[in-house]
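Biologist: Could you take me closely through one strand, its pairing partners and the side-chain contacts around it? I would like a connected account, with the reasoning behind each description.

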Amino acid sequence: MTIHDATIGRFFEDYAVGDIYQHPFGRTITEADNVWLTNLTLNTNQNHFNEHFASQNPITDGKIIVNSGLTVAMVLGLSVFDMSQNAISNLAFTDINFRHPVYVGDTLYAESVCTEARRSKSRDYAGIISMTTRGLNQDGVTVVSWKRSVMIATRDSGIGQGHFPEATDSVSDYS
């Protein structure tokens, strides 16, 4: 019998410059998502929650537009599984570009390309991964993109591993 440890995500050694990661999950944005984040962040731009007001916006074809903070957060979250599940720290987040409006009902996907991978000079248990990430809607249109760098644990660091508790009973006790 083989036990597969409860380890998720990639470690520094798993990245190669030029590799593209198509993140496995997609997420449809609901009206509740948009209104909740808009209210939570005290964003008073009525284009995010007032249909009558938004109907006058020629950029959005008169539709309510999803809060850009939600768009960034959603695409970032979709990328974590592959790019920063075992991150120790975010180091940089730059060059955010909003390229196409996002509306309630759009489904977002994300993909990232590893642009740099190097060992940390100050922390022997980590490396630095740089990437470009983009969010795509259900039609394959890029809605947002950015550059990001994170400090990622090395596999031999033990960080992000060994957290699963040892069972007090036997596997045979399942039945």
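Modeller: What follows starts with strand β4 and its partners and then turns to the side-chain contacts.

The model is predicted, and every value below is computed from it. Strand β4 covers residues 107–119, and it is joined to strand β1, residues 20–22, by three bridges, with the two strands running antiparallel. Within that pairing, Y21 has S112 of β4 as its bridge partner. Strand β2, which consists of residues 27–28, also pairs with β4 in the antiparallel sense, here over two bridges, and T28 finds its bridge partner in T107 of β4. Strand β5, residues 126–136, is joined to β4 by ten bridges, again in an antiparallel arrangement, and these two strands form a hairpin with six residues between them.

The pairing of β4 with β5 can be followed down to the side chains, since E111 stands opposite R134 in β5. These two residues also form a salt bridge, in which the closest N and O atoms are 2.4 Å apart. The contact links distant parts of the chain, with E111 in strand β4 and R134 in strand β5, 23 residues apart. As for their surroundings, E111 has a relative accessible area of 12%, which lies under the 20% limit, and therefore counts as buried. R134, by contrast, has a relative accessible area of 33%, a value between the limits of 20% and 50%, so this residue is described as partly exposed.

In general terms, side chains of opposite charge can pair when their charged atoms come close. The structure holds six salt bridges, and another of them is formed by the side chains of R10 and D82, at 2.9 Å from N to O. This pair also links distant parts of the chain, as R10 lies in the segment before β1 and D82 in helix α3, 72 residues apart. With a relative accessible area of 27%, R10 is partly exposed, whereas D82 is buried at 5%. The side chains of R27 and D33 likewise meet in a salt bridge, at 2.7 Å from N to O; R27 is partly exposed, with a relative accessible area of 33%, and D33 is buried, with 15%.

Aromatic side chains provide further contacts, and the count comes to three aromatic pairs. One of these is made by F25 and F81, whose ring centres are 5.8 Å apart and whose planes stand at 80°, so the pair is edge-to-face, the class for angles over 60 degrees. Because F25 lies in the loop between β1 and β2 while F81 belongs to helix α3, residues 68–83, the pair ties together parts that are 56 residues apart in sequence. F81 is partly exposed, with a relative accessible area of 36%. A ring also takes part in a contact with a charged residue, as K63 lies over the face of Y103, at 3.9 Å from the ring centre.

Finally, on the surface, I88, Y125 and I159 make a nonpolar patch of about 220 Å². Of these residues, I159 lies in the segment after β6, the strand of residues 142–153, and counts as partly exposed because its relative accessibility is 34%, between the limits of 20% and 50%.

Notes:
Residues numbered from 1 in each chain as written. Predicted model: local features only at pLDDT ≥ 70, side-chain atom pairs only at ≥ 80, totals over all residues. Heavy atoms only, no water. Pairing = 2+ DSSP bridges. Helix = DSSP H or I, 4+ residues; strand = E, 2+ residues; numbered from the N terminus. Patch = residues over 30% accessible without salt bridge, like charges linked within 9 Å, V, L, I, M, F, W, Y side chains within 5 Å. Areas by Shrake-Rupley, 256 points an atom, 1.4 Å probe, with all protein chains shown as cover. Salt bridge = Lys/Arg side-chain N within 4 Å of Asp/Glu carboxyl O. Buried < 20%, exposed > 50% of the residue type's maximum accessible area, 1.4 Å probe, protein only. Phe/Tyr/Trp six-rings, centres within 6.5 Å; stacked < 30°, edge-to-face > 60°. Lys NZ or Arg CZ within 6 Å of the ring centre and 35° of its normal.
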